[in-house]
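Subject: Structure handover

Hello,

Here is the structure I promised to pass on. Please open it alongside this note. My findings follow below.

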Amino acid sequence: MSGFSTARLKMVDGQVRTSDVTDRNVLDAMLTVPREVFVPESRQALAYLDLDLDVSEGAAKRFLIKPQLTGKLLQAAEIGETDNVLVVGCATGYLAALTAKLARQVTATESDSALAAKAGDACASLGLANVTCKAASCAEGDPSAGPYDVIILNGAVEVTPEGLLGQLKDGGRLVGVSAESRPPRAMIVTRTHGEFGHRALFDAAAPVLPGLERAAAFVF
């Protein structure tokens, strides 16, 4: 096995399985998608560590969220093989690539257009033909490819993502980290007959997605 293959196995066994991720499809996706492909070459040695990995090359910080949180959110989303999924704030595309192994069709948005292009190239290099990566604001999502069975956030929100919730199908669900209150928690929001039900899943922290931060309070 190569060093990266060994690291990938250790990541799944040591970080993901130990966090109660038991969904076979999620584990298989995380064992087969090479996370190092989505990391700048200078940081590839960090690709499988238990951290939110900075993959930004511009001024704005962009991250791949921790592997254990990635696995837990994917498991909570219960993505089916016929599902149409939106991945928000995909950065370099790792979460989108994992989702592509589980779903029929994936649309991934990223506010940094250079990173969106890298995400598209990385997914294409792995032969993932069911992913489309687009430069778009995290708050806007992509209504043109919706409505979605599942929306999954590669990060946290400090405000209710109204624009994204409106893109859920009836029976659809949005999964991500809500930092609207303390402590931040992973949440699932389900749309049923136009109503939204919110359920906390577990305590979790993640970098806040650009455009979904709490507005700064005015201070004299």
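A salt bridge joins the side chains of Arg8 and Glu36, at 3.3 Å from N to O. Arg8 belongs to helix 1, while Glu36 is in the loop between helix 2 and strand 1, so this bridge ties together parts 28 residues apart in sequence. Arg8 is buried, at 9% relative accessible area. Glu36 is buried too, at 10%. Please keep in mind that this is a predicted model.

More on salt bridges. The count comes to 12. Two others link separate parts of the chain.

- Glu110 pairs with Arg62, with the closest N and O atoms 2.8 Å apart. Glu110 sits in strand 4 and Arg62 in the loop between strand 1 and strand 2, so parts 48 residues apart in sequence are tied together. Both residues are buried.
- Arg214 meets Glu158 at 3.8 Å, N to O. Arg214 is in the segment after strand 9, and Glu158 is in the loop between strand 6 and helix 6, 56 residues apart. Arg214 is partly exposed, at 41% relative accessible area. Glu158 counts as buried, at 17%.

There is also a network. Arg43, Asp54 and Lys61 are joined by salt bridges that share partners.

Next, the aromatic rings. The whole structure holds 2 aromatic pairs. One of them is Phe4 with Tyr48: the ring centres are 6.4 Å apart and the planes lie at 50 degrees, so the pair is tilted. Phe4 is in helix 1 (residues 3-16), and Tyr48 is in the loop between helix 2 (24-32) and strand 1 (53-54), 44 residues away. Phe4 is partly exposed, with 30% relative accessibility. Tyr48 is buried, at 6%.

Two rings have a charge over them. Arg35 lies over the face of Tyr94, 5.1 Å from the ring centre. Lys72 has its charged end over the ring of Phe202, 4.0 Å from the centre.

Last, Gln44. This residue is in the loop between helix 2 and strand 1. What does Gln44 contact, leaving aside its neighbours within four places in sequence? The contacts are Phe4, Glu36 and Val39. Two of those names appear above: Glu36 in the bridge with Arg8, and Phe4 in the pair with Tyr48. Gln44 counts as partly exposed, at 21% relative accessibility. Gly166 is 122 residues from Gln44 in sequence and 37 Å from it in space, C-alpha to C-alpha.

Best wishes

How values were computed. Residues numbered from 1 in each chain as written. Predicted model: local features only at pLDDT ≥ 70, side-chain atom pairs only at ≥ 80, totals over all residues. Heavy atoms only, no water. Phe/Tyr/Trp six-rings, centres within 6.5 Å; stacked < 30°, edge-to-face > 60°. Helix = DSSP H or I, 4+ residues; strand = E, 2+ residues; numbered from the N terminus. Buried < 20%, exposed > 50% of the residue type's maximum accessible area, 1.4 Å probe, protein only. Lys NZ or Arg CZ within 6 Å of the ring centre and 35° of its normal. Contact = heavy atoms within 4.5 Å. Salt bridge = Lys/Arg side-chain N within 4 Å of Asp/Glu carboxyl O.
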